[in-house]
Amino acid sequence: MPLLTAWVPDRVVEEAIAEVFAPQAPPPGYAEHIGAGLTLRRDSLRENALQRAGLLGEIEELHKQYPRLTLPIEAVHGSADTTVGLPIHSAPLARRVHAARLTILPGIGHAPQHVASAEMDAAIARAATRAGLR
């Protein structure tokens, strides 16, 4: 694996990041800022594969815990998110948790925290108000 990863061109990582942000573009310098190239290290690849292998079971366990949540939750989800679809996480959360409110951002992809900061700030403010912190 180390030899294989040594020949992976930078564009592979750049394309993966672009896919996560689509249809928006990643912020300039994002890949360098997060150290995206480190994902190609043998240990990183292995850990990522192990994490992904157990993800479905972890999600299923999380879903079972939804009814226990009583804190104010503001879920923000882009309608164009192809990394984690709306029906997989945010929509079930909003249906099953009385204290959850879902805001769907039309045309926004998987990274609203980077491309829709005003909407994210508003969601944080709503959660703080609902929690009695403001």
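This is a guided tour of a predicted model, with selections to make in the viewer and a note on what each one shows.

**The whole chain**

Start with the protein chain in cartoon view. Its secondary structure comes to eight helices and two strands. Followed along the sequence, the elements run α-α-α-α-α-β-α-β-α-α. The C-alpha trace spans about 55 × 35 × 25 Å along its principal axes. Of the 134 residues in the chain, 27% are buried.

**The two strands**

Select residues 73-78, which make up strand S1, and residues 100-105, which make up strand S2. The two strands pair in the parallel sense, over six bridges. Now colour S1 by accessibility. Six of its six residues are buried, and the strand is mostly covered.

In a regular strand the side chains alternate between the two faces of the sheet. For S1, show the side chains and look at each face in turn. Ile73, Ala75 and His77 lie on one side, while Glu74, Val76 and Gly78 lie on the other. Both of these faces are covered, and the residues named are all buried.

**Glu74 and its partners**

Keep Glu74 selected and add Arg101. Arg101 is in S2, and Glu74 stands opposite this residue.

Next, add Arg126 and show both side chains. Arg126 and Glu74 form a salt bridge, with the closest N and O atoms 3.0 Å apart. Arg126 belongs to helix H8 (residues 117-130) and Glu74 to strand S1, so the salt bridge ties together parts that are 52 residues apart in sequence. Add Arg130 as well: Glu74, Arg126 and Arg130 are joined into one network by salt bridges that share partners.

How accessible are the two ends of the Arg126 and Glu74 pair? Arg126 is partly exposed, at 30% relative accessibility. Glu74 has a relative accessible area of 15% and counts as buried, because the cut-off for buried is under 20%.

**Other salt bridges**

The structure holds four salt bridges. For another of them, move to helix H5 (residues 55-65) and select Glu61 and Lys64. Their side chains meet in a salt bridge at 2.9 Å, N to O. Both residues lie in H5, three residues apart, which is about one turn of the helix. Lys64 is exposed, with a relative accessible area of 54%, whereas Glu61 is partly exposed at 43%.

Then select Arg46 and Glu47. The side chains of these two residues also meet in a salt bridge, at 3.2 Å from N to O. Glu47 is partly exposed, at 46% relative accessibility.

**The negative patch**

Switch to a surface view and select Asp10, Glu14, Glu15, Glu19 and Glu32. Together these residues form a negative surface patch. Which element contributes the largest share of the patch? Helix H2 (residues 10-21) does, with four residues. Glu19 is found in H2, and its relative accessibility of 58% makes Glu19 exposed.

**The cis peptide bond**

Return to sticks and select Ala22 and Pro23. Most peptide bonds are trans. The bond joining Ala22 and Pro23 is cis, with omega about 10°. Pro23 sits in the loop between H2 and helix H3 (30-34). At 56% relative accessibility, Pro23 counts as exposed, because the cut-off for exposed is over 50%.

With Pro23 still selected, add Leu93 and draw a line between the C-alpha atoms. The two residues are 70 residues apart in sequence, and the C-alpha atoms are 24 Å apart in space.

**Val97**

For the last stop, select Val97. Is this residue buried or exposed? Val97 counts as buried, at 2% relative accessibility. Val97 lies in the loop between helix H6 (90-96) and S2. Add Thr70 and draw a line between the C-alpha atoms of the pair. The separation is 7.6 Å, and the two residues are 27 residues apart along the chain.

How values were computed: Residues numbered from 1 in each chain as written. Predicted model: local features only at pLDDT ≥ 70, side-chain atom pairs only at ≥ 80, totals over all residues. Heavy atoms only, no water. Patch = residues over 30% accessible without salt bridge, like charges linked within 9 Å, V, L, I, M, F, W, Y side chains within 5 Å. Areas by Shrake-Rupley, 256 points an atom, 1.4 Å probe, with all protein chains shown as cover. Lys, Arg positive; Asp, Glu negative; His and termini not counted. Charge placed at Lys NZ, Arg CZ, Asp CG, Glu CD. Buried < 20%, exposed > 50% of the residue type's maximum accessible area, 1.4 Å probe, protein only. Pairing = 2+ DSSP bridges.
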